[in-house]
Amino acid sequence: MKYVLKRITFFIVTAWVALTINFILPRMMPGNPAQAMIAKFHGRLNPQAIHALKIAFGIDVQKNLLLQYIDYIKRILTGDFGISLSFFPSPVNQILSYAIPWTLGLVGVSTVIAFSIGTLLGIRTAWRRESTSSGIIIPIFLFLNSMPYFWFALLISYLFAFKLKWFPLVGAYSLNIPKGFNLARIASILYHAILPACTIIITATGGWLLTMRNNMISVLSDDYVAFAQAKGLPDKVIEYKYAARNAILPSFTGFAMALGFVISGALLTEIVFSYPGIGYILYQSVLNLDYPLMQAIFLFIMIAVLTANFIADLFYALLDPRVRTGAE
Amino acid sequence: MKTLLKVKDFNAGYVLTSQRIHAVKNVTFKLDNGEFLGIAGESGCGKSTLALGIAGLLNPPGEVFSGEVEFDGKNLLKMKNDSLRKLRWKEFSIVFQSSMNVLNPVIKIKSQMFDAIQYHTNMPSNHLEERAKELLELVNVSPKYLEAYPHQLSGGMKQRVVIAMALSLNPKLIIMDEPTTALDVVVQRNILQEIDKLRKKFGFSIIFITHDLSLLVEISDTIAIMYAGQIVEKAPSTKLYAKPLHPYSYGLMHSFPPLVGKRQRLHGIAGHPPDLTEDIEGCPFFERCTKRINGVCDKAKPSFIEIEPGHIVACHLYDEEGESSAK
């Protein structure tokens, strides 16, 4: 219980620090979103309109920094992130609430799949270290893992979407199918997700595999594994209950971190496939100097990473009893 | 007494890419039902390799080169993995050198005690709990620790838990490889006495491996002294204590202080054990021996001579006695 309280306090303090940095950074940069917006209209705005824009973006130079800060916190707590520049005049939270599900669905699911496959293969290849199948699997995944994933995305989209026309080239769903919850639409979404998901899964699995395999190999030389063997336990029990159960602990932290970063999207994959997720939106916002949108995205990424860490800490306590009591 | 374990011409060691370490050389001994055999020798003399080799637990790069291990009429070295697995723990169990780390750190003691019992017998789960409690009480650990994780136990308690686990299926043999090394002497003695009490109660045999000869003298029936992978002397412990024949045994016996009597200067054994990657011509102890016979000990390997019934030694000093008794 004390552990949980400690984690919660840590979570709140870090979140506050990050929020504050998120507030200070844009104000230390030259220019402000209102100026960027004004530039976009090439001086065809009257002073009242400029003032209105400044207020809309929360950059009121007449107010002092403290008041701005209080204003900023207030707006974040109420979920008001202002108005987007690149998608003017849509409010930022509307854009985000549209993009987040796509990213969570695509990147989230592929990360979970990549982690599961990679970890399982890591366990197997470490357990059967001498076998030929391990000798084949490891170099292949190492090769796939070291390939730049945007390049791999371009490659498979050229091959399977452009040349062979097996899969759609861009987008997250077919525009010809009526919106709403129906089978045709779900099928279309899955169909569109296959190539981008494969890009992520194929390139990311190798990393999980190697981490897990390394952990496994070091755990396999631990005494409790030898002792389990001496107890005459079946191989499967030794492999999973004794070896993998311990070896997964470091991998698990990495997995939680990765889940946190899911919200930032797989930037380049989303760009290659024009997938309307956060990564794609972030790219657009950077191109258009869309400060409010960027700020909101960074804020979301930060909160997601912190939350993922927080949940990972709680889960870790369940997985590793030594963390709970703070011993060793 | 019926013979439980026969080890004959046992050779084992480690195969590395550049060299081959011959850690156990031609070890032959017998163990009776209910016997307590102590194997003593300094670090690196092949004691642990012998123990693991007998139990079939020598993992690569470790390897058994040749020999026979006959346990209860079955040749362990020729057995298939699956049948050997069924024998393990049920027929013979092993307590490791590093007992502090043999418990899985993230799983409750309870579950680790249960799994071996469950796999080897079909004990219903409500009996498991009772059995585990009973076992912990045998080794003087409160049954409440069944719900604990290994890190919540002290070193001595972990050791006791491991011993309780080794007893769980009433094996015929328990191999103990320096089980008390990491503990302080008071706890060591305590645990040893408990082990001995349990042995008398349940009648299992023990192979007890240690570098601490003083521990063995008191408790074991028979002691074998190992040097450079070979057994150099084997005798009932009272005889070995009263009259160690091999110069190495003599050296070991005189390297720990007596508890009573006059203060005296201790004598260690000068020098280091030989390199096990090379074949040794003659007696392996030659280099360090104070009573060596030049021209004999460095040329010919001493063979075993039975000085008295049950007291055998491999040393050229006793060649003549051996001949005369042979006549």
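**Chains A and B: a walk through the model**

Let me begin with one helix, H3 of chain B, whose buried residues are B:Ile109, B:Gln112, B:Met113, B:Asp115, B:Ala116, B:Ile117 and B:His120. I should say straight away that what we are looking at is a predicted model, and that everything I describe is computed from it.

As for what surrounds that helix, the buried residues of H3(B) pack against H4 and H5 of chain B, and also against helix H10 of chain A, which spans 235–261. As a reminder about helices in general, an α-helix has 3.6 residues a turn, so residues three or four places apart point the same way.

The contact with chain A brings me to the interface between the two chains, where 23 residues of chain B are in contact with 21 residues of chain A. On the chain B side, helix H2 (81–87) and helix H3 (109–120) each supply at least two residues, and the largest share, four residues, comes from H3(B). If we sort the residues on that side of chain B by character, we find 13 nonpolar, five polar and five charged.

Staying with H3(B) for a moment, I would like to look at a residue that touches it, B:Ser168, which sits in the loop between helix H5 (155–167) and E7 of chain B. Is B:Ser168 buried or exposed? It counts as buried, because 24 C-beta neighbours lie inside 10 Å, and the cut-off for that class is 20 or more. Leaving aside residues up to four places away in sequence, B:Ser168 touches B:Met113, B:Ala116, B:Ile117 and B:Leu135, and B:Met113, B:Ala116 and B:Ile117 are among the buried residues of H3(B) that I listed at the start. To give a sense of span within the chain, B:Ser168 and B:Gly271 are 103 residues apart in sequence, and their C-alpha atoms are 43 Å apart in space.

Now let me step back to chain B as a whole, whose secondary structure comes to 10 helices and 12 strands. Its radius of gyration is 21 Å, close to the 20 Å that the globule rule gives for 327 residues, so chain B is as compact as a globular protein of that length. Taken along the principal axes, the C-alpha atoms of chain B fill a box of roughly 70 × 50 × 40 Å. Buried residues make up 43% of the 327 residues in the chain, and of the contacts in chain B with a separation of 6 or more, 63% are between residues 24 or more positions apart.

Turning to the strands, eight of them in chain B form an open sheet with mixed pairing, in the order E6-E7-E8-E3-E9-E10-E12-E11. Strand E6 (92–95) and strand E11 (304–308) stand at the edges with a single partner strand each, so one side of each is left without a neighbour in the sheet. Neighbouring strands of this sheet are turned against each other by 20 degrees on average, if direction is ignored. At the E6 edge, E6(B) pairs with strand E7 (residues 173–177) of chain B in the parallel sense over four bridges, and B:Ile94 stands opposite B:Ile175 in E7(B).

Two backbone details in chain B deserve a careful look. B:Asp9, in strand E1 (residues 3–15) of chain B, has a positive phi of about 45 degrees although it is not a glycine, and this residue counts as exposed, with 12 C-beta neighbours inside 10 Å. B:Asn140, found in the loop between helix H4 (125–138) and H5 of chain B, is another residue other than glycine with a positive phi, here near 60 degrees; B:Asn140 is partly exposed, with 13 other C-beta atoms within 10 Å.

Finally, chain A, for which the domain assignment gives domain 1 (2–77) and domain 2 (92–314). The C-alpha centres of these two domains of chain A lie 33 Å apart, and 11 residues of domain 1 are in contact with 12 residues of domain 2. Which helices supply at least two residues each of the side of domain 1 of chain A that touches domain 2 of chain A? They are helix H1 (2–28) and helix H2 (33–40) of chain A, with H1(A) giving the largest share, eight residues. The residues on that side of domain 1 of chain A divide into eight nonpolar, two polar and one charged.

Definitions and conventions:
Residues numbered from 1 in each chain as written. Chains lettered and ligands numbered in written order. Predicted model: local features only at pLDDT ≥ 70, side-chain atom pairs only at ≥ 80, totals over all residues. Rg over C-alpha atoms; globule rule 2.2 N^0.38 Å. Contact = placed C-beta atoms within 7 Å. Pairing = 2+ DSSP bridges. Axes fitted to C-alpha atoms, helices over the stretch in contact; angles between N-to-C directions. Domains from an automatic or database assignment. Nonpolar A, V, L, I, M, F, W, Y, C, P; charged D, E, K, R; others polar.
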